[in-house]
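Hi everyone, thanks for letting me have a few minutes. I'd like to walk you through a handful of places in this one, so let's put it up on the screen.

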Amino acid sequence: MPGERTTVTSDSLLSAEGPAQRRAIAKAITLLESTRADHRAQADELLTALLPHTGQSFRLGISGVPGVGKSTFIETLGLLLIDKGHRVAVLTIDPSSSVSGGSILGDKTRMERLSVHERAYIRPSPSSGTLGGVAEKTREAMLVCEAAGYDIVIVETVGVGQSETAVAGMTDMFVLMQLPNAGDDLQAIKKGVMELADLVVINKADLDKDAATRAQAQITSALRLFGHQGNPDHVHAMHDAYNGAEVRFWLPRVMQLSALAGTGVDAFWDSVTQFKALQAGNGKLVKRREKQSLSWMWERIDAGLKHAFRHHPQVREMLPQLTRQVVEGTLPASAAARTLLAIAAGQI
């Protein structure tokens, strides 16, 4: 019923252990995903209480074309990290059907060993049509997992393309996975996702070693170009304009591995560890998170304004008439939009 209080509290997340904590995390994320106004208020209250206990994890974003082996890689990596003493949370995003709105949410099935491990938590969520292949509440779910003590949070996104770059805007490191025989298909995404990648992984390299080597050379060449002309964070070394001191930056690299065979995963984590140390040392990690927090705020403002607009009584009253006029060609779409915005702003 409206106004009903949920049973999830910050204490149930912070002090509980084992299955009790996992249930609390699931309830908390479900609360965050709710669209009810009373649930949203409770979620904001919960997040505010959890905020002092967040920010200590390393956030790793992973994207790649369907079939590249993301789930197998994440499971292999997750089990390796658990052996090293980490607690691993995996937030996986499945694409929602544009017809039915549903999602398969099958990642827990694909990660059979990791999903049942007591030091891992896997949460599949639907993208619900959100651009970027990232569920609307993924950022908030990350904070819940961090507060619960998971020091590695992995976000797996759907597909690769211009709209799939949202994961780079919410994680500390963005990993792009490729197949060894991608070939000319790389051309379509180089300027979209490739220049955002901090590390490129060629998975299933054992299936065709020659193709994997060619792909590695091709991608490495592209990343070198971006290092000089693209993202300044990807320059290997720069000099401070004031004192001439050398300031080192991460230069994205390309590596081969086979998640199914388990080869190269140790080397992958070594690269991640180097990235984390370097970015923490030069201050880029802190600045990246500050920028992400502000971006998150404005995204929520945009979403809130859109929601308020669509639910404005006068807008809802006028929308069918103006929509019909636009469809019939008697009113320009731009004029209809200006009219509706003016109504929402109280100017009409």
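Okay, let's start with a pair of helices, α7 and α10: they sit oblique to each other. Keep in mind that what you're looking at is a predicted model. The axes of α7 and α10, which is residues 284-310, come within 12 Å and cross at roughly 130°. An angle over 145 would have counted as roughly antiparallel, and 65 to 115 as roughly perpendicular, so this pair lands in the oblique group.

So who touches whom? On the α7 side we have R139, E140, L143 and E146, and on the α10 side R289, W296 and E299. What kinds of residues are those? Five are charged, two are nonpolar and none is polar.

Now stay with α7, residues 138-147, and look at α3, residues 37-50. Here the axes come within 10 Å, and the crossing is at roughly 45°. That makes α3 and α7 oblique as well, because 45° is not under 35 and does not reach 65. If you care about handedness, α3 passes α7 in a left-handed crossing. The contact uses R40, L47 and L50 from α3, plus E140, L143, V144 and A147 from α7. This group is made up of five nonpolar residues and two charged ones, with no polar residue. You may recognise E140 and L143 of α7, which are also in the contact with α10.

We're not done with α7, though. How many cavities of 30 Å³ or more are there? Just one. The largest cavity has a volume of about 60 Å³. Ten residues line it, and the closest to its centre are E33, S125, K137, T138 and A141. Besides α7, the elements giving two or more residues to the lining are α2 (18-33), β2 (88-94) and β3 (120-126). By type, the lining has five nonpolar, three charged and two polar residues.

Next stop, H86. Where is it? In the loop between α4 (70-83) and β2. Now find Y150, which is 64 residues away from H86 along the chain: their C-alpha atoms are separated by 7.5 Å. If you skip neighbours within four places in sequence, H86 is in contact with L81, R119, D151, I152 and W269.

Last pair: α11, residues 313-328, and α12, residues 333-344. Their axes are 10 Å apart and the angle is about 175°. That's over 145, so α11 runs roughly antiparallel to α12. From α11, the contact takes in Q314, V315, M318, L319, L322 and V326; from α12, it takes in A333, A336, T339, L340, I343 and A344. And the types? Ten nonpolar, two polar and no charged residues. Put that beside α7 with α10, where five charged residues take part.

That's my tour, so fire away with questions.

Technical notes
Residues are numbered from 1 along each chain as its sequence is written. This is a predicted model: local features need pLDDT of at least 70, side-chain atom pairs count only at pLDDT 80 or more; totals for chains, interfaces and linings use all residues. Side-chain values use heavy atoms; hydrogens and water are left out. Axes are lines fitted to C-alpha atoms, for helices over the stretch in contact, and angles run from 0 to 180 degrees between N-to-C directions. Helices (H or I, at least four residues) and strands (E, at least two) are DSSP runs, numbered from the N terminus. A crossing is left-handed if the near helix is turned anticlockwise from the far one by less than a right angle, and right-handed if clockwise. Contact means heavy atoms within 4.5 Å. Ala, Val, Leu, Ile, Met, Phe, Trp, Tyr, Cys and Pro count as nonpolar, Asp, Glu, Lys and Arg as charged, and the others, Gly among them, as polar. On a 1 Å grid over the protein atoms alone, a cavity is a set of points where a 1.4 Å probe fits but cannot get out, and a pocket is an open set with protein on both sides within 12 Å along at least five of seven lines; lining residues have an atom within 4 Å of a point. Grid points are joined across faces, edges and corners, and a volume is the space filled by probe spheres set on the points.
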